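Open the model in your viewer and keep the sequence panel beside it. The stops below say what to select next and what is there.

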Amino acid sequence: MSVIPFDQREGHIWFDGRMVPWADAKIHVLSHGLHYGSSVFEGERAYGGQIFKCTEHSQRLRRSAELLDFEVPYSVAEIDAAKKLVLKESGLKDAYLRPVAWRGSEMMGVSAQHNTIHLAIAAWEWPSYFDPATKMKGIRMDLAEYRRPDPRTAPSASKAAGLYMICTISKHRAENKGYADALMLDWEDNVAECTGANVFFIQDGVIHTPQADRFLNGITRQTVIDLAKRRGYEVVERRIRPEEMAGFSECFITGSAAEVTPVSEIAQYRFTPAAMTQTLMDDYTAEVQPRAKAA
């Protein structure tokens with residue numbers, strides 16, 4: 001994977017309705033989104049030239065903005081079309097896409113109802129969120145110090161940039177200790193999610209996952225739950241206490257970037273990636289691959 005800094009790459013980015021050279025996709029340092037977190041984004045993948053769950057991501061982008069009290073000035077259909085144009089112009093078949101919307105720079109202060117809302121979309125190659133060799137063995141995770149906030153204190157159903165501040169801190173601290181990621185609890189000390197992915201556990205053939213009413217209900221999470229139910233697996237969505245992790249045999253996380261990634265360790269708790277996790281990994285891979293068109 002390329003290590004070229006993101007502001008020095010080649011190509012084009014869709015910016016406010018037109019394709020601009022990558023290096024020209026800039027905003028002013030006094031943009032409201034930079035200072036006050038009035039920004040929402042999506043992370044999604046294309047496989048074989050087709051964007052997986054494209055429309056669902058565009059719908060969520062607009063919903064996220066509404067929860068932050070602004071409206072993305074493009075329809076779902078227009079956002080879908082823009083993403084497809086970006087993918088085509090990038091020349092990539094397998095890619096990661098990042099739409100992002102934010103308040104502009106007309107007003108600098110907490111109140112900025114009349115600032116222009118901007119939208120940009122970029123695509124780049126991002127093969128795997130975790131090292132492939134490590135992924136097959138199961139990643140190691142730490143327990144994060146910070147908690148996911150009470151929905152009464154933050155728009156937890158929005159994919160808002162500001163909500164990821166504590167995720168960055170938590171992931172950095174985990175990586176500094178040799179872990180790949182961190183598991184975050186909610187404000188009542190229930191298991192919540194990872195810094196950028198949802199979490200699942202398996203015990204005695206039953207899948208357990210935290211109820212997604214206190215954090216983002218991931219599109220990949222919903223996809224994997226559907227795949228599990230198609231297999232006839234029982235999926236229980238509920239509050240999970242950290243000490244319950246001692247009784248689970250398998251664990252995996254899901255997200256557009258992480259896809260389906262096995263976990264071998266969360267702090268003092270150990271898991272062994274096995275048949276059900278492997279089956280769901282395979283099913284997810286099959287699900288995202290473009291379907292052959294009928295003749």
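Start with the enclosed spaces: the structure holds two cavities of 30 Å³ or more. On a 1 Å grid over the protein atoms alone, a cavity is a set of points where a 1.4 Å probe fits but cannot get out, and its lining residues have an atom within 4 Å of a point. Grid points are joined across faces, edges and corners, and a volume is the space filled by probe spheres set on the points. This is a predicted model, in which local features need pLDDT of at least 70, side-chain atom pairs count only at pLDDT 80 or more, and totals for chains, interfaces and linings use all residues. Residues are numbered from 1 along each chain as its sequence is written, and side-chain values use heavy atoms, with hydrogens and water left out.

Select Asp186, Asn190, Val191, Ala192, Pro210, Gln211, Arg214, Phe215, Arg238, Arg239 and Ile240 to show the lining of the largest cavity. The volume of this largest cavity is about 40 Å³. Its lining has five nonpolar, two polar and four charged residues. Here Ala, Val, Leu, Ile, Met, Phe, Trp, Tyr, Cys and Pro count as nonpolar, Asp, Glu, Lys and Arg as charged, and the others, Gly among them, as polar.

Next, select Arg45, Tyr47, Phe52, His57, Thr220, Ser256 and Tyr284, which line the second largest cavity. The volume there is about 30 Å³, and the lining divides into three nonpolar, three polar and one charged residues.

Two of those lining residues, Arg45 and Tyr47, lead to strand E4 (residues 44–47), where they point one way while Glu44 and Ala46 point the other way, and all are buried. Strands (E, at least two residues) and helices (H or I, at least four) are DSSP runs, numbered from the N terminus. Buried means under 20% relative accessible area, exposed over 50%, and partly exposed in between (1.4 Å probe, protein chains only).

Add strand E6 (residues 95–103), which runs antiparallel to E4 and is joined to E4 by three bridges; two strands pair if DSSP finds at least two bridges between them. Ala46 has Ala95 in E6 as its bridge partner. Strand E5 (residues 50–51) is also antiparallel to E4, with two bridges, and Gln50 in E5 stands opposite Tyr47. The hairpin of E4 and E5 has two residues between the strands, and Gly48 takes a positive phi near 60 degrees.

Move to strand E14 (residues 250–255), where six of six residues are buried. Which residues of E14 point one way, and which the other? Glu250, Phe252 and Thr254 are on one side, and Cys251, Ile253 and Gly255 on the other. Strand E11 (residues 198–203) pairs with E14 in the antiparallel sense over five bridges, with Phe200 opposite Phe252. Strand E15 (residues 259–266) is antiparallel to E14 through four bridges, and Glu259 in E15 is the bridge partner of Gly255. E14 and E15 form a hairpin with three residues between them.

Finish at Ser170 in helix H5 (residues 165–176). Is Ser170 buried or exposed? Ser170 is buried, because its relative accessible area is 5%. Leaving aside neighbours within four places in sequence, Ser170 is in contact (heavy atoms within 4.5 Å) with Ala144, Tyr146, Ala182, Met184 and Thr195.

Definitions and conventions:
On a 1 Å grid over the protein atoms alone, a cavity is a set of points where a 1.4 Å probe fits but cannot get out, and a pocket is an open set with protein on both sides within 12 Å along at least five of seven lines; lining residues have an atom within 4 Å of a point.
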